[in-house]
Amino acid sequence: MCLAIIGKIKEIKGQMAKTDIDGITKKINVSLVDIKVGDPVLIHAGFAIEKISAQEAGEIKNDFNS
Amino acid sequence: MTLTAKQYIHNIEQTAADLGNISIMELCGTHSQTVAQNNLKSLLPKNIKLVSGPGCPICVTDQTEIDLVIELAKYDIPLAIYGDALSLPGSEASLEDLKQQGKHIFTVYSVADALTLQKDWPNIVLFGIGFETTAPMTAWAIQQGLNIFSSHKYFPPAMSALLASEKINIDGFIDPGHVSAIIGTQIFQQFKIPQVISGFEALDMLETIDILLKNIKNQNQTVVNQYKRAVNDQGNLKAQKLLKEVFENRDTNWRGLGMIPKSGMKIKAKYQKNDAEYIYRDLIEKFKKTYQPRPSACRCGKILQGLITPGDCPLFKKICTPENPQGACMVSVEGTCRITYENRQ
Amino acid sequence: MKTDNKTIKIEQGSGGAQSAELIAALRNAYHLKNNWTNQNDDAAVYDLGDKKLVFTTDAFIVDPIFFPGGDIGKLAVCGTINDLSVMGAQPIGLSVSLVIEEGFSRTDLQKISESINKISQKTGIPIVTGDTKVIDKGKIDKIEITTSGVGLAHDIISNSGARPGDNIIASGDLGEHTAVILSKRFDYQTDLISDCQPLTTEIQSILPYLHACKDPTRGGMAANLNEIADKSKVKIVLSEKNLPYKKAVTSICNLLGLSIFDLASEGRFIAAVDPDKTDNILAQLKNAKIIGKVETGSGLYLKTSLDTLKEIRPSSGKLIPRIC
């Protein structure tokens with residue numbers, strides 16, 4: 001029931017942060033999370049809802065045969 | 001996730017061989033989408049059935065609420081709505097129809113867009129749909145002075161209602177990943193059923209089903225968190241605090257599930273100056289006096305409980321299509337009927 | 001819900017199933033018997049004997065009218081040039097009709113005219129006729145451009161020519177035009193630029209190898225490949241591992257809850273091609289890639305990275321953001 005996408009914090013200004021989402025930049029509201037520049041976050045409806053573990057924010061391989 | 005898809009499927013097949021017919025309910029509509037987009041059902045053994053649950057906020061919005069919001073639009077109250085709600089069918093028309101008739105209905109991606117619109121439309125009302133993942137944004141926006149019509153709901157009460165129903169025969173739950181990111185994992189312990197909180201990639205769901213089937217086999221009801229990269233046990237405390245600050249619970253009707261106690265999010269009295277139900281209380285009172293929801297052959301309700309499939313509904317495909325939805329399950333991209341309609345395979 | 005048949009709905013202009021119904025209804029009204037063929041394709045064809053005359057028209061309204069990689073003028077001429085080109089024709093002349101809102105900036109009109117001229121010069125296709133109207137302020141949104149074009153072809157590439165065994169290729173990465181147009185509306189920044197460009201040279205260089213060809217504008221790959229599959233009576237299976245979309249484009253779709261298969265491109269083509277000549281094509285067109293295969297059967301499918309098959313249906317056409 002909740003589409004969310006991972007983005008990386010680039011710049012923080014008050015409640016808002018410029019976030020990089022695989023090549024696009026969007027300002028999102030970060031008032032619900034404690035983050036710093038470089039953190040990956042989960043974004044839903046224009047807000048960061050959670051910090052993602054950086055280790056696991058990498059590519060997820062779905063290759064059936066790998 | 002340490003195994004490959006092939007390895008998870010192998011595990012699933014092994015465990016399933018020792019089980020009879022098993023029904024797993026994926027509660028969250030976005031999980032249903034992952035299942036559909038990857039045709040995961042085709043990979044599962046025949047005795048393992050995946051059933052979609054009521055975790056589609058659009059699908060469970062009661063007819064009365066939709067008609068009420070449409071009534072507000074008819075009185076020229078400008079509305080901001082998430083795109084998902086545009087085609088929700090009211091008894092007479094949808095918000096999309098009203099928009100095309102010239103009513104001021106704006107689709108937004110976030111509450112920030114609604115606040116921008118407020119500069120030109122000071123009395124704009126956001127139609128707040130969604131569970132605990134989306135409600136904190138609405139709560140934040142109320143504190144910024146945005147008017148809200150709250151149709152938000154708490155999700156765990158729906159899980160209680162499902163488990164209390166004698167009609168439902170489910171062996172395990174796939175718990176909602178992003179709701180959990182907000183509310184944490186502990187709250188699910190009250191439900192005496194094997195359950196796994198899952199991420200949204202196909203591989204996440206395969207791992208989830210692998211774990212869940214093993215726990216169903218062992219009758220292990222411990223809540224397992226497969227989505228650790230996003231969900232921690234406590235959840236998002238700031239978001240929880242915001243929800244407590246702005247909302248209180250009330251009994252609310254869910255399409256298909258009926259009245260579920262303490263499941264609705266009502267805006268607290270201290271924010272009533274931004275509560276559309278308070279601001280327009282006279283209009284709403286007048287509306288409720290003469291309102292009769294139009295009876296419909298739509299069987300969304302039974303579908304949301306996993307009791308029947310879309311094919312069992314007399315309207316499915318014949319009258320009810322994405323272009324002419326008769327019920328919310330066809331409107332939402334996550335709706336069971338919509339997913340079934342768009343997947344002939 | 002009652003459907004209202006008394007007024008035209010916005011979905012009927014979006015290129016999806018409801019558009020098709022409206023177009024079919026309009027066609028029914030024009031039933032003079034004639035010798036034109038391919039009237040359901042991107043352009044209509046008239047057999048002149050030694051060659052074929054190909055004729056098409058298109059109307060353009062876009063917001064914003066200036067965007068990274070182009071403007072409404074470039075879009076309008078490339079659109080018609082490409083509709084002729086995907087039929088196998090060499091365009092020989094274009095018309096440009098402008099409906100301009102009172103108060104529109106003269107400088108902006110100048111820029112748009114220069115864009116049109118630039119494409120004309122680059123392709124050698126002249127603007128030979130046109131029309132200009134100015135309309136009261138508020139009666140139209142800034143400017144609307146309609147272009148028509150004629151071309152000549154030896155052999156027509158019909159949308160019904162795809163055969164089992166063919167490869168499906170894309171001439172480059174898709175969806176970038178839409179991704180750029182949406183950026184203003186949904187307030188994000190991107191380095192992407194519109195893919196708007198004329199396709200004649202690319203298509204002419206591989207003409208004999210093309211069995212079916214479309215430019216995936218309105219409705220994206222979903223609508224356009226479904227059309228080829230329907231008309232050719234074949235099944236098309238795309239490979240998830242080879243989908244021609246940049247990461248940024250996929251991100252925008254994930255952010256807004258849109259399907260990548262619905263995004264329009266304005267300077268790309270997708271085609272069913274001779275499997276024995278695909279290597280020649282890839283050598284000729286450096287950015288092209290194989291994205292799928294044609295099989296017996298029906299419908300458009302995606303073979304996922306899990307090796308499952310998922311059907312891709314054309315959408316209603318409108319791109320509406322979602323949060324669920």
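**Entry 1: a bridge in chain C**

I began in strand E8 of chain C, where C:Leu152 is the bridge partner of C:Gln90. I note at the outset that the model is predicted. I then looked up how E6(C) and E8(C) run: they pair in the antiparallel sense, over 10 bridges. For background I recorded that the strands of a sheet pair through backbone hydrogen bonds, either parallel or antiparallel.

**Entry 2: the sheet around it**

I asked in what order the strands of this open sheet are arranged. I read the order as E1-E2-E3-E8-E6-E7 of chain C, six strands with mixed pairing. The edges are strand E1 (36–37) and strand E7 (127–135) of chain C, each of which pairs on one side only.

On the E3 side, I found that strand E3 (residues 52–60) and strand E8 (residues 143–153) of chain C pair in the antiparallel sense over nine bridges. I looked up two places along this pair. C:Ala59 has C:Thr146 in E8(C) as its bridge partner, and C:Asp58 stands opposite C:Thr147 in E8(C).

Next I looked for a helix on the sheet. Helix H2 (residues 72–85) of chain C packs there and touches E3, strand E6 (90–101) and E8 of chain C. I noted that the direction of this helix makes about 25° with that of E8(C).

**Entry 3: the domains of chain C**

I looked up the division of chain C and found domain 1 (1–33), domain 2 (40–153) and domain 3 (167–311). The centres of domain 1 of chain C and domain 2 of chain C, taken over C-alpha atoms, are separated by 24 Å.

**Entry 4: helix H7 of chain C**

I asked how many of the 10 residues of helix H7 (residues 247–256) of chain C are buried. The count is seven, and I recorded the helix as mostly covered. The buried residues are C:Ala248, C:Val249, C:Ser251, C:Ile252, C:Cys253, C:Leu255 and C:Leu256.

I then asked what covers the buried residues of H7(C). Part of the cover comes from chain A, including strand E1 (5–13), strand E2 (16–21) and strand E3 (24–29). Chain C itself contributes too, including helix H4 (176–185) and strand E10 (188–190). Just after H7(C), I found that C:Gly257 takes a positive phi of about 75°.

**Entry 5: chain A**

Since strands of chain A had appeared in the cover of H7(C), I turned to that chain. I counted zero helices and five strands in chain A, and along the sequence the pattern reads β-β-β-β-β. Of its 66 residues, 47% count as buried. I also looked at contacts in chain A between residues at least 6 apart in sequence: 29% of these join residues at least 24 apart.

**Entry 6: where chain B touches chain C**

I recorded that 37 residues of chain B are in contact with 22 residues of chain C. On the side of chain B that touches chain C, the elements that give two or more residues are helix H2 (29–37) and helix H4 (95–100) of chain B. H2(B) gives the most, with three residues. By class, I noted 14 nonpolar, 17 polar and six charged residues on this side of chain B.

**Entry 7: the domains of chain B**

The domain assignment of chain B gives domain 1 (1–297) and domain 2 (300–341). I found 17 Å between the centres of these domains, taken over C-alpha atoms. I then looked up their contacts: 29 residues of domain 1 of chain B are in contact with 21 residues of domain 2 of chain B.

I asked which elements give two or more residues to the domain 1 side of this contact in chain B. They are H2 and strand E2 (48–55) of chain B. H2(B) gives the most to this side, with five residues. The residues of this side divide into 15 nonpolar, 11 polar and three charged.

**Entry 8: B:Met159**

I closed with one residue, B:Met159, which lies in helix H7 (residues 156–164) of chain B. I asked why B:Met159 counts as buried. It does so because 25 other C-beta atoms lie within 10 Å, and the cut-off is 20 or more.

Leaving aside residues up to four places away in sequence, B:Met159 touches B:Leu27 and B:Phe191. I also looked up its distance from B:Ser32: the two are 127 residues apart in sequence and 16 Å apart in space, C-alpha to C-alpha.

Definitions and conventions: Residues are numbered from 1 along each chain as its sequence is written. Chains are lettered from A and ligands numbered from 1 in the order in which they are written. This is a predicted model: local features need pLDDT of at least 70, side-chain atom pairs count only at pLDDT 80 or more; totals for chains, interfaces and linings use all residues. Two residues are in contact if their C-beta atoms, placed from the backbone, lie within 7 Å. Helices (H or I, at least four residues) and strands (E, at least two) are DSSP runs, numbered from the N terminus. Ala, Val, Leu, Ile, Met, Phe, Trp, Tyr, Cys and Pro count as nonpolar, Asp, Glu, Lys and Arg as charged, and the others, Gly among them, as polar. A residue is buried if 20 or more other C-beta atoms lie within 10 Å of its own, exposed if 12 or fewer, and partly exposed in between; C-beta atoms are placed from the backbone. Domain bounds come from an automatic or database domain assignment. Two strands pair if DSSP finds at least two bridges between them. Axes are lines fitted to C-alpha atoms, for helices over the stretch in contact, and angles run from 0 to 180 degrees between N-to-C directions.
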